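Trainee: I would like to learn how to read a structure, one feature at a time. Where should I begin?

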Amino acid sequence: MQLKPGVIDEYRRRHDAIWPELSQLLTDSGIHDYSIFLDEQTLALFAVLKLADDNRRDALPDHPVMKRWWDYMAPLMEVQADNRPVETPLPLIFHHD
């Protein structure tokens with residue numbers, strides 16, 4: 001994902017005050033151990049999360065709370081027409097357990 005220039009502090013502030021209903025939605029959807037990292041030079045965001053085997057992550061884009069969060073975050077990020085963050089999948093190049 002990609003931040004727009006000059007919004008790092010606001011992006012951090014909004015995530016520090018994540019809505020309880022969004023946090024619960026992520027948990028209920030089978031998402032846990034979720035972290036977002038920032039490359040301050042490029043403003044690239046990199047998310048790492050773990051998914052339960054029975055996760056419902058694919059249903060999140062249709063959930064009203066998720067849509068409201070995307071609308072709230074859209075001024076800070078590069079987004080698609082529906083305000084969903086632009087995500088660029090990265091191929092796995094190395095893994096060590």
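**Reading the chain from surface to core**

Mentor: Begin with the surface: the chain has about 7000 Å² of accessible surface, and carbon and sulfur atoms hold 53% of that. Keep in mind that this is a predicted model.

Trainee: How many helices and strands does the chain have, and what pattern do they follow along the sequence?

Mentor: There are 3 helices and 2 strands. Read along the sequence, the order is α-α-β-β-α.

Trainee: What does the radius of gyration say about the chain?

Mentor: The value is compared with that of a compact globule of equal length. For 97 residues the globule would have a radius near 13 Å, and the chain agrees with this at 14 Å. The C-alpha trace spans about 40 × 35 × 25 Å along its principal axes.

Trainee: What share of the contacts joins residues 24 or more positions apart?

Mentor: Such pairs make up 58% of the contacts with a separation of 6 or more. One residue to look at is Arg68, in helix 3. Its C-alpha lies 9.6 Å from that of Leu22, although 46 residues separate the two in sequence. Beyond its sequence neighbours up to four places away, Arg68 touches Trp19 and Glu21.

Trainee: Is Arg68 exposed or partly exposed?

Mentor: Arg68 is partly exposed, because its relative accessible area is 40% and exposed requires over 50%.

Trainee: Which residues have the most contacts inside the largest nonpolar core?

Mentor: The general idea is that nonpolar side chains tend to be buried together in soluble globular proteins. Here the largest nonpolar core has 19 residues, and Leu3, Tyr11, Leu22, Met66, Trp69 and Met77 have the most contacts inside it. Helix 2 and helix 3 each supply at least two residues of this core, and helix 3 gives the most, with 5. Met77 also has contacts outside its own stretch of sequence, including Met1, Leu3, Tyr11, Leu45 and Pro85. Over the whole chain, 26% of the residues count as buried.

Trainee: Which residues form a nonpolar patch on the surface?

Mentor: Phe37, Phe46, Val48 and Leu90 do, with about 390 Å² of accessible area together. Phe37 belongs to strand 1 and is partly exposed, at 47% relative accessible area.

Trainee: Where is Phe94 found, and is Phe94 buried or exposed?

Mentor: Phe94 is in the segment after helix 3, and its relative accessible area of 63% makes it exposed. Phe94 and Asn83 are 11 residues apart in sequence, with 31 Å between their C-alpha atoms.

Key:
Residues numbered from 1 in each chain as written. Predicted model: local features only at pLDDT ≥ 70, side-chain atom pairs only at ≥ 80, totals over all residues. Heavy atoms only, no water. Patch = residues over 30% accessible without salt bridge, like charges linked within 9 Å, V, L, I, M, F, W, Y side chains within 5 Å. Areas by Shrake-Rupley, 256 points an atom, 1.4 Å probe, with all protein chains shown as cover. Salt bridge = Lys/Arg side-chain N within 4 Å of Asp/Glu carboxyl O. Helix = DSSP H or I, 4+ residues; strand = E, 2+ residues; numbered from the N terminus. Buried < 20%, exposed > 50% of the residue type's maximum accessible area, 1.4 Å probe, protein only. Contact = heavy atoms within 4.5 Å. Core = buried A, V, L, I, M, F, W, Y, C linked by side-chain atoms within 4.5 Å. Rg over C-alpha atoms; globule rule 2.2 N^0.38 Å.
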